[in-house]
Amino acid sequence: METESLVNITENGPDERGFFGEYGGKFVPTVLEDILAEIRDSYLELRRSGGFIEELEGLLRTYVGRPSPVYYAGNLTRMAGGAGIYFKREDLNHTGAHKINHCLGEALLAKRMGKSRLIAETGAGQHGVALATAAAIVGLPCSIYMGIVDMVKERPNVTRMRLLGAEVVPVDRGPGTLKEAVDAAFEAYMEDPAGQFYAIGSVVGPDPFPMMVRDFQAVVGVEAREQFLEMTGSLPDCLVACVGGGSNAIGLFTAFLGDDGIDIYGVEPSGRSFRPGDHAATLTMGSPGTIHGFRCYLLQDDDGEPLPVHSVASGLDYPGVGPQHSHLKDMGRVTYVTVNDEQAIEAFRTLSRVEGIIPALESAHAVAYAMELAAASPSGSRILVNLSGRGDKDLDYVVENYGM
Ligand SMILES: *Cc1c(COP(=O)(O)O)cnc(C)c1O
């Protein structure tokens, strides 16, 4: 991630008010407006100064292990038939997924702004673990709010976060899952919003988070573009990535948005069915609305309240989606498609057996679609897939619920 590539990135928005077309913005209590504006100003200034970028790049290289390789999946390609399938291996990062890229960026920014504590909520614990890791290396106290039901289900991640030095705060109100954790974390943040930093876990939330998290993830596409060119002599014909909030997808896509010849696909989870509550296919089934301080496509009821969501991949079950993805859909630049639970489980097994790579269930959605797309594409064409994370976290769940 060179300073120059960061500068070019802003051509994709947002505008000064934080909007990508009609999506995004900053719908927050008045006290937060100024604090968010200060974060935006500090970020824009810091990323122009060499020191911040240098420190971040240094950590990405020597701590995360970047650049992650691009791998040609020959066995999977032969099995699917048609286009060649290539993986950007974000599963090989320290902590096992792409989330560490933006958690490090946010932690470094908070530190340089003189904030005293990082705060976040976590559902299954993936964002919590990545942020606790970043807090440890940067040297900031970190409080992670987690529903008690999730804490029991995701015990190993609770242990990880505590080992990493984070405080895990149990939230026992209501059903004790993600929504209650969000409320509790936000209340704790509001006790001292000027002194603390709420680290958002994807390209969602009020401005400037969709922009900042995208910029921190853009290293994925910048690297992959260069690696792919070197490896094959040309650019890929298609890109594929799974979309929860949308950070790993926009991370891969950004470096290629200006290349008209490249077809770009974001894969959403259609879960058990397309009935409300059975899926989290926000861009496919939703309509414009407001959630957590920003405008985006939203799965909502008649009163604009977010609907319950489901996916076998817990990292994908959010009723909203990044504002830039919402805009890219309306522009027609990115095509959003769906893969259901069963197809994702099958791709999880296939990739493990055929390539010796156990993918995260989130990433398995992208793999499933890429195999379909490859089969329908001419041989000689090439598909680049973001393998956003590894599947160690999903082993027990898959074996218990679907068998070996
Ligand atoms: C959290 C997560 C996702 C979904 O988040 P995005 O912001 O949509 O990228 C995807 N893959 C993995 C491995 C994750 O941990």
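**Ligand pocket and domain interface**

Sixteen residues sit around the ligand, and K99, S202, G246, S247 and S388 come nearest among the 16. The model is a predicted one, so everything below is read off computed coordinates. By class, the ligand's shell breaks down into ten polar, four nonpolar and two charged residues.

Zooming in on individual atoms, K99 puts a polar side-chain atom 2.5 Å from a ligand oxygen. S202 does much the same job of placing a polar side-chain atom by a ligand oxygen, here at 2.6 Å. With G245 it is the backbone that matters: one of its N or O atoms lies 3.2 Å from an oxygen atom of the ligand. As for cover, the ligand taken alone exposes 380 Å², and the protein buries 97% of that.Next comes the domain layout. The assignment splits the protein into domain 1, covering 33-54 + 99-214, and domain 2, covering 64-96 + 218-402. Their C-alpha centres are 23 Å apart. Where the two domains touch, 17 residues of domain 1 and 24 residues of domain 2 take part in the contact.

How much area is buried between domain 1 and domain 2? The figure is about 1,500 Å², with carbon and sulfur atoms giving 63% of it. On the domain 1 side, N101, V203 and R214 stand out: together they supply 35% of the area that domain 1 buries against domain 2, more than any other three residues.

Which polar links does the interface hold? Six residue pairs are in polar contact across domain 1 and domain 2, both partners being at pLDDT 80 or more. Salt bridges are another matter, with a count of zero between the two domains.

Key:
Residues numbered from 1 in each chain as written. Predicted model: local features only at pLDDT ≥ 70, side-chain atom pairs only at ≥ 80, totals over all residues. Heavy atoms only, no water. Near = heavy atom within 4 Å. Polar contact = N/O pair within 3.5 Å; in protein donor to acceptor, adjacent residues only side chain to side chain. Areas by Shrake-Rupley, 256 points an atom, 1.4 Å probe, with all protein chains shown as cover. Nonpolar A, V, L, I, M, F, W, Y, C, P; charged D, E, K, R; others polar. Domains from an automatic or database assignment. Contact = heavy atoms within 4.5 Å. Buried area = accessible area lost by both parts, 1.4 Å probe. Salt bridge = Lys/Arg side-chain N within 4 Å of Asp/Glu carboxyl O.
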